[in-house]
Amino acid sequence: MPTSAAVIVYKDANELARQAAGYILSSIEQTLVGHERFSLVLSGGSTPKAIYTLLGQPPLVDRVPWSRVHFFWGDERCVPPDHADSNYCMAYETLLSYLVLPLQNIHRIQGEIPPEESAASYEQTITEFFGEHIRPPRFDLVLLGMGNDGHTASLFPDSPALDETQRWVVAVDHTQLPAPLVARVTMTLPLLNAARRIALIVSGAAKAGQVRRALSEDGDATVLPVQRVYPEDGEMVWLLDDAAANMIHP
Ligand code: 6PG
């Protein structure tokens, strides 16, 4: 865990959502002062729903020029884009459908094609967006969640994807999940850790034990996937609600 990782705890899930939305908007505003566009990697699952909903509605929706924001995904389930389990579908329904922005600003992972093909295609999408010379590409902000087993994106415990050093996007299978959640496409640690900013957003008492493990320095032998996330040259923040933080309070 990098010493630079800030840990901020909010009183409940609603306040966490409000503050996380504010952090995202502030990051966009700061970057757009000196840059033409902002590259944002969205996380999936259920925690971000409240955040994306706030961003898609007044007053927050009017705070930034969304046409200068490019949306990517840290991972995707291998399902069609209109499937209830799709991370793209969740973001579209809560946020993207409310924004005025060119379609080319939405860079989704194609869950509807074979996983390996989707991973290769997404890596090409990222290369084309940043340019061949930018290696690894540096996203302006990566949003991540954490599962009850300490996974993040679709980097699950004991997955070979955790040891990937060359590829930025890979296909993974997680057989402990019910179909169709088994097959996933995910960004890898070299790409995630190249980001300028990483925000790990975790809510709920069910995550408290893993949050304590992830943030403790007690040298626990088993390193959780989320502990492998740290920016090589950037800012990292953990945004928690009180329930998720209830085992790390001093
Ligand atoms: C996914 C996410 C995953 C998620 C965690 C937490 O595709 O499911 O990318 O990494 O962030 O599993 O999910 P919840 O917010 O639903 O607890």
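This report describes charged side chains in a predicted model, with attention to Arg77 and to three salt bridges.

## Basis of the values

The structure is a predicted model, in which local features need pLDDT of at least 70 and side-chain atom pairs count only at pLDDT 80 or more, while totals for chains, interfaces and linings use all residues. Residues are numbered from 1 along each chain as its sequence is written, and side-chain values use heavy atoms, with hydrogens and water left out.

## Arg77 in strand β4

Arg77 lies in strand β4, residues 75-77 (strands are DSSP runs of E with at least two residues, helices runs of H or I with at least four, both numbered from the N terminus). Arg77 is buried and has no salt bridge. Here buried means under 20% relative accessible area, exposed over 50%, and partly exposed in between, with a 1.4 Å probe and protein chains only. A salt bridge requires a side-chain nitrogen of Lys or Arg within 4 Å of a carboxyl oxygen of Asp or Glu. For Arg77, the nearest side chain of opposite charge is that of Asp85, 4.6 Å away (Lys and Arg count as positive, Asp and Glu as negative; His and the chain ends are not counted).

The backbone oxygen of Asp85 is nevertheless reached by the Arg77 side chain at 2.7 Å. The side chains of Arg77 and Asn87 are joined by a polar contact of 3.3 Å (a pair of N or O atoms within 3.5 Å; within protein, one must be able to donate a hydrogen and the other to accept it, and residues adjacent in sequence count only if both atoms are side-chain atoms). Leaving aside residues up to four places away in sequence, Arg77 touches Gly45, Asp85, Asn87, Gly111, Leu181, Ala183 and Arg184, where contact means heavy atoms within 4.5 Å.

## Salt bridges

The salt bridges number eleven by the stated rule. One of them joins Asp75 and Arg184, at 3.6 Å from N to O. This pair links distant parts of the chain, with Asp75 in strand β4 and Arg184 in strand β7 (residues 183-187), 109 residues apart. Both Asp75 and Arg184 are buried.

Asp140 and Arg196 form another salt bridge, their closest N and O atoms being 3.6 Å apart. Asp140 is in the loop between α4 (115-130) and β5 (141-144), and Arg196 is in the loop between α5 (189-192) and β8 (197-202), 56 residues apart. Asp140 is buried at 10% relative accessible area, whereas Arg196 is partly exposed at 39%.

Lys11 and Asp12 also meet through their side chains in a salt bridge of 3.3 Å, N to O. Lys11 is exposed, at 60% relative accessible area, and Asp12 is partly exposed, at 28%.
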